[in-house]
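Reader: I would like to learn how to read the interface, the ligand site and the charged pairs of a structure. Could you take me through them one at a time?

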Amino acid sequence: MSNAEANLAALPARDQAPIASQLESGEIVLSFVECDLDENLHFTRTLVVLTDRHIFSHSDNTPVRSWKLTDCASLKLSLHGALAQLELFGTNSRLTHWRLTAHVVASARKLVRKWDAHRQGIEETSQESVCPSCGAPMPMDRVKCEACTPKPVTKKYGALFRLLPFAKPRMGLVIAGLCLAFMSTGVSMIATYQSKPLTNSIANPLSEGKDVDPSLIRYHLGLLAGAAILAWILGWARSFCLSRVSERIAADLRNRTYGHLHKLSLEFFGGKRTGDLMSRLSSDTDRICDFLTLNLVDFITDVMMMAMTAGILLTINPKLALASLVPFPIIAWLVHKVRQRLRRGFRLMARAWSEMTSVLADTIPGIRVVKAFAQESREVARYRKSNETILEANDRVNIVWAVFGPTLTLLTELGLAIVWACGIALLIRKEALSAGDLILFTGAIGRAYTKLESLSYMAGAIQRSSASAQRIFEILDRVPSVSEPVRPVEPGVLKGDIQLKNVCFQYGNRRVLHHIDLKIAPGEMVGLVGQSGAGKSTLVNLICRFYDVVEGSISVDGHDIRSFPISAYRKNIGVVLQEPFLFYGTIADNIAYGKPEATREEIVTASRAAGAHDFILRLPEGYDSVVGERGQLLSGGERQRISIARALLIDPAILILDEATSSVDTETEREIQAALETLIQGRTTIAIAHRLSTLNRANRVIVLEAGRIVEQGPIDELLAKNGHYSRLHAAQFEATAPVSSDEDADEDDDESSDE
Amino acid sequence: MSAATTTTPQFDLHYDDWGRLVLVDADGKYHEGVTPVRSFPLSDPEHWISICDSSTRELICIANPQSLPAKTRETLNLALAKNEFIPIIERIVHATHGEPAEWQVETNRGPRTFVLKGEDDIRTLSDGRLIVTDSDGVRYFINNVRQLDGHSRRTLERFL
Ligand SMILES: Nc1ncnc2c1ncn2[C@@H]1O[C@H](COP(=O)(O)OP(=O)(O)O)[C@@H](O)[C@H]1O
Ligand SMILES: [Mg+2]
């Protein structure tokens with residue numbers, strides 16, 4: 001009973017009373033879903049509740065509808081993209097249906113599962129599962145763990161302020177730099193201040209024919225020169241300190257971003273263009289660095305200088321000082337006006353750059369396709385077009401700047417005129433103002449105004465770098481969808497006892513694996529076959545934890561793989577993919593990629609085992625030969641053997657071969673096969689193969705069809721069974737015979753290119 | 001594949017008591033639970049509509065639905081409308097800063113709050129429309145950025 005009440009309490013508050021009034025005594029709420037669409041696909045909330053006796057449906061302002069479970073025959077959930085339909089069928093017609101979006105599909109699935117379990121009389125006692133990452137219990141309508149799934153945080157500050165934490169570890173240098181900046185500005189003010197005594201007590205008396213003490217002249221001139229030299233030294237030290245900090249902040253930012261990039265799962269990279277990421281990491285971080293080293297340092301000294309100037313001017317003559325402030329509000333207003341526009345412009349510019357890098361990053365790896373289809377001119381045009389987009393974005397910004405710059409000059413000239421006018425007016429009225437004061441004033445103001453101009457360029461620089469910072473924080477803020485466990489279990493060296501329980505997986509809203517249950521014993525070799533697109537690669541991707549399951553769980557040696565630290569877990573897995581990827585570097589480096597500290601002996605042993613040793617010896621530089629970025633110097637089969645050696649070198653407990661031998665000829669395959677025989681000893685091996693002969697050694701073959709296991713067992717048994725496997729088998733060994741059905745034709749297609 | 005033709009074939013479409021769409025093909029064969037699918041949903045939605053069976057194998061292809069009898073066309077449009085769900089955003093009430101961002105919008109199908117993962121999920125079509133995909137894969141159109149009110153436009157521009 002208490003359980004029933006607890007479940008009722010799990011319903012949204014607004015539905016509790018209406019639903020409770022419908023419940024019979026002892027009736028238990030099993031599950032519910034908040035459908036978010038109505039019949040006409042308008043966003044409306046409708047609650048569907050499954051109890052052990054009824055199905056209720058309730059939306060605001062309408063009475064609760066109910067169906068007795070005894071009148072219902074089935075409940076079906078169907079998906080069409082992001083749109084889903086939950087249908088309730090009676091014995092001879094459809095009773096009703098609800099529409100919902102992908103947003104709530106997970107809870108709808110849960111409801112259907114509860115329905116099925118209830119129908120089959122299974123009492124699901126342990127409906128409270130626990131989160132594999134943090135161990136917190138997960139209530140019945142939740143799919144994701146509330147406790148440890150990070151929530152999107154709203155950022156209060158602009159992207160540039162978020163750079164501050166990067167300065168923290170170098171606070172000492174920052175403070176030293178700021179003190180130096182203060183001193184150097186102060187010293188340079190002495191020079192400005194000297195114009196008053198130079199005018200009043202030297203230039204004026206001399207022009208009026210009076211004598212001036214030469215020591216006074218020497219003193220003032222010496223002070224002027226000394227101050228200049230001191231300011232120069234202090235300025236140099238200041239720039240050195242502040243630039244040093246800035247460069248390091250930028251470098252930290254770059255490292256942090258790149259580090260974070262590697263924490264993100266394949267899902268992130270699937271949706272990103274290489275060029276875009278490259279441009280974020282290179283040009284955007286560089287822009288920030290420029291900003292910090294050049295603009296920000298200037299900005300700080302300029303602000304100090306203006307503050308000091310203002311102080312001096314106010315002490316000399318407050319009225320004149322006020323007059324010199326006239327252009328400021330106008331400039332502030334102007335800066336405010338263009339800011340938004342500039343930021344958007346700079347953002348577009350950064351994007352345009354990304355686009356251009358992307359064109360390069362797309363085309364260069366695909367250069368063989370470009371040449372084969374003679375599309376060079378189109379690619380050049382595409383590049384030109386993206387280059388034009390950059391121009392357009394630049395023009396947008398420049399239009400604003402073009403007006404902004406000269407307007408500023410105009411304002412400062414006017415400001416100077418105003419100061420002269422006021423000063424002369426004060427002189428005429430014989431107020432306490434000397435010619436020296438006026439010279440000092442206009443000199444200082446003139447300087448301050450030029451700083452003002454450079455200061456206002458700051459408006460542009462800020463917008464530009466904050467657009468860049470934003471693009472970088474977009475990566476840094478991305479939460480990895482395959483996340484490190486909150487309470488990790490150290491895997492150590494695993495035995496390789498793999499168990500998949502009710503595993504479901506989808507890319508976006510497309511389900512590609514349905515309710516897979518599979519147990520693989522340590523040391524067993526399992527073959528995975530099925531049409532292309534059946535979900536074989538997806539299944540091994542899940543075992544490698546490149547993606548996380550949507551439903552169900554995968555455990556190795558009895559622990560959910562989500563509770564292992566990711567890299568410690570992957571150290572136990574060797575993967576060979578269909579498309580071998582070699583990094584730029586020597587062959588030895590490539591083989592030892594997973595274990596950089598490997599000895600030469602280990603490298604040679606692994607490559608012998610993979611059948612790579614002989615052809616490597618034929619290369620003029622042997623293991624020291626440098627292979628190009630994608631290993632173009634080698635043939636497909638050779639590259640494949642290197643990647644097999646790479647997987648073998650780490651001596652993994654679990655070996656995954658995803659069509660590893662599909663791109664080598666049959667002869668080579670046989671050689672690799674022999675090598676593999678010894679290597680799969682003592683390892684759990686999952687081999688995906690199109691060529692069924694590859695799987696002769698397999699203890700068991702699993703046939704996957706449209707994301708479901710349709711058949712499994714030892715090869716002989718499957719052949720005797722005359723089912724899916726024997727059909728695949730027949731199609732392959734009679735490849736020369738005319739093909740009868742569609743399905744076989746597909747298989748054959750995949751094969752023909754290999755053989 | 002062999003069954004699919006691009007000329008307009010003789011066929012009938014209707015709904016049965018189970019709420020399923022039924023296709024009766026030229027040979028009089030019944031296919032239950034079929035769905036119409038647009039081949040070019042964005043660039044040419046009005047042509048090249050395929051009727052597919054439950055495992056998305058094409059049964060027939062209608063190059064130009066205008067040539068169908070009125071009743072069949074009506075059923076076809078109804079069936080298409082049932083599976084088509086791209087609300088049009090008319091106003092962006094609020095969007096949080098940073099990414100992922102929570103958007104609160106008003107659409108032609110009522111108000112909605114969703115999460116936008118990143119600026120990559122806003123795609124500009126060649127005809128100038130925007131297509132926004134939320135974190136659940138639900139897509140929304142923004143037909144004309146210029147016709148949005150100032151607040152919505154400024155909010156949107158943060159993500160462009
Ligand atoms: N990254 C991805 N994003 C979306 N869909 C994918 C992705 N990878 C594979 N798919 C789809 O999932 C299905 C299964 O793919 P896969 O597991 O690669 O099949 P195979 O059995 O040939 O290895 C295919 O229909 C494929 O289109
Ligand atoms: Mg594959």
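Author: What follows is a reading of the chain interface, then of the ligand shell, and then of a charged pair within one chain. This is a predicted model, in which local features need pLDDT of at least 70 and side-chain atom pairs count only at pLDDT 80 or more, while totals for chains, interfaces and linings use all residues. Residues are numbered from 1 along each chain as its sequence is written, chains are lettered from A and ligands numbered from 1 in the order in which they are written, and side-chain values use heavy atoms, with hydrogens and water left out.

Reader: How many residues of chain A and of chain B are in contact?

Author: Contact means heavy atoms within 4.5 Å. Here 36 residues of chain A are in contact with 34 residues of chain B. The buried area, which is the accessible area (1.4 Å probe) that two parts lose on being put together, summed over both, is about 3,000 Å², and carbon and sulfur atoms give 47% of it.

Reader: Which salt bridges join the two chains?

Author: Side chains of opposite charge can pair when their charged atoms come close. A salt bridge is counted when a side-chain nitrogen of Lys or Arg lies within 4 Å of a carboxyl oxygen of Asp or Glu. Between chain A and chain B there are two, and one of them pairs Arg112(B) with Asp36(A), whose closest N and O atoms are 3.0 Å apart.

Reader: Which residues surround ligand 1, and which atoms approach it?

Author: A residue is taken as near when one of its heavy atoms lies within 4 Å of the molecule. The residues around ligand 1 include Arg510(A), Val512(A), Lys536(A) and Tyr547(A). For polar contacts, the rule asks for a pair of N or O atoms within 3.5 Å. Polar backbone atoms of two glycines lie by oxygen atoms of ligand 1, that of Gly533(A) at 2.7 Å and that of Gly535(A) at 2.9 Å. The protein covers 64% of the 560 Å² of accessible area (Shrake-Rupley method, 1.4 Å probe) that ligand 1 has on its own.

Reader: How many salt bridges are there over all chains, and what does one of them tie together?

Author: The count over all chains is 32 salt bridges. In one of these, the side chains of Asp15(A) and Arg45(A) meet at 3.0 Å, N to O. Asp15(A) lies in helix α2 (residues 13-22) and Arg45(A) in strand β2 (residues 43-51) of chain A, so this pair ties together parts 30 residues apart in sequence. Helices (H or I, at least four residues) and strands (E, at least two) are DSSP runs, numbered from the N terminus.

Conventions
Polar contact = N/O pair within 3.5 Å; in protein donor to acceptor, adjacent residues only side chain to side chain.
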